[in-house]
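I opened the notebook to follow one acidic side chain, and then the strands and cores around it. The entries below keep to what I looked up, in the order in which I looked.

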Amino acid sequence: MSRDAEAEFSTVRVANAIGALPARRYVLAVSGGRDSMAMLDAFARARTDAVAVATFDHGTGVAARRAAQLVEREAARRGLRFMSARRGRARTATEEEWRAARWAFLGGASCDLDATVVTAHTRDDQLETVVMRALRDARHTSARGLAAMYARSRVARPFIDTTRADLATYARDHGVRFLEDPTNESRAYLRNRVRPDLLPALER
């Protein structure tokens, strides 16, 4: 497939995923990374029912602050309300503590705005999560774990059947600004070991 055709197919898949969401109030969970910034761009192009963009600074240093600032600028450029929170003393926090703090913030924003949170989780994220659960405790790896990502809730995941590669292509061809999270390179975190090592081995 040519690059132009690949870009067109990716744009269509991303746009269709955003367009399939029902009309309601949405708050976009944006971290500053490529996937969520692509979501912000696609949502702003196609819809008018986003009531805010929310980002959470995990307090891990300069990179996290720059990511939050980028999200604020890009939200303002699109005329969207910006909300943020920051966790202190995060350098010693675990992945679970980071996640809990982030979701506490997003849950509060959802309630305050009477809006559904939208995340940029992809099919790749879904697979990684299932593998991580199996590694931690195989008893929790079941159809129920998969179904939870699709269940009715105050969270919408429009890209759960879309690949990370589609979002990467969309970001490239739409000039989406984003920042790479330096913690993504750290093998101290399980997901960062599953993503480059275990999943490619399973695919092979």
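Before listing neighbours, I fixed the term: contact means heavy atoms within 4.5 Å. I also noted that this is a predicted model.

Entry on Asp49. I looked up its contacts first and, leaving out residues up to four places away in sequence, found that Asp49 touches Pro22, Ala23, Arg24, Arg25, Tyr26 and Phe43. I then placed Asp49 in the loop between helix H2 (34-46) and strand S2 (50-57). Is Asp49 buried or exposed? I read a relative accessible area of 16% for Asp49, and because buried means under 20%, Asp49 counts as buried. For its polar partners, I found that the side chain of Asp49 reaches the backbone nitrogen of Arg24 at 3.5 Å, and that a polar contact of 2.7 Å joins the side chains of Asp49 and Arg47.

Entry on strand S2. I went on to the strand that follows this loop and asked how many of the residues of S2 are buried. Seven of its eight residues are buried, so S2 is largely enclosed by the rest of the structure. Looking at its pairing, I found that S1 and S2 run parallel, with four bridges between them, and that Val27 has Ala52 in S2 as its bridge partner. The path from S1 to S2 goes through H2, and I recorded this β-α-β crossover as right-handed. S2 is also joined in the parallel sense to strand S3 (residues 82-86), by five bridges, where Asp57 has Arg86 in S3 as its bridge partner. A right-handed β-α-β unit is likewise made by S2, H3 and S3.

Entry on the cores. I looked up which members of the largest nonpolar core, which has 27 residues, touch the most other members, and these are Leu28, Val30, Met39, Phe43, Val53 and Phe159. Two or more residues each come from helix H1 (3-19), strand S1 (26-29), H2, S2, helix H3 (62-77) and helix H7 (164-173), and H2 gives the most, with six residues. Phe43, listed here, is also a residue that Asp49 touches. For Val30, setting aside neighbours within four places in sequence, I listed contacts with Ser36, Met37, Met39, Leu40, Val53, Ala54, Thr55 and Val71. Apart from this core I noted another, of 14 residues, which includes Ala52, Ala54, Met83 and Leu106.

How values were computed: Residues are numbered from 1 along each chain as its sequence is written. This is a predicted model: local features need pLDDT of at least 70, side-chain atom pairs count only at pLDDT 80 or more; totals for chains, interfaces and linings use all residues. Side-chain values use heavy atoms; hydrogens and water are left out. Buried means under 20% relative accessible area, exposed over 50%, partly exposed in between (1.4 Å probe, protein chains only). A polar contact is a pair of N or O atoms within 3.5 Å; within protein, one must be able to donate a hydrogen and the other to accept it, and residues adjacent in sequence count only if both atoms are side-chain atoms. A nonpolar core is a set of buried Ala, Val, Leu, Ile, Met, Phe, Trp, Tyr and Cys residues joined through side-chain atoms within 4.5 Å. Two strands pair if DSSP finds at least two bridges between them. A crossover is right-handed if, with the strands pointing away from the viewer, the path from the first strand over the helix to the second runs clockwise.
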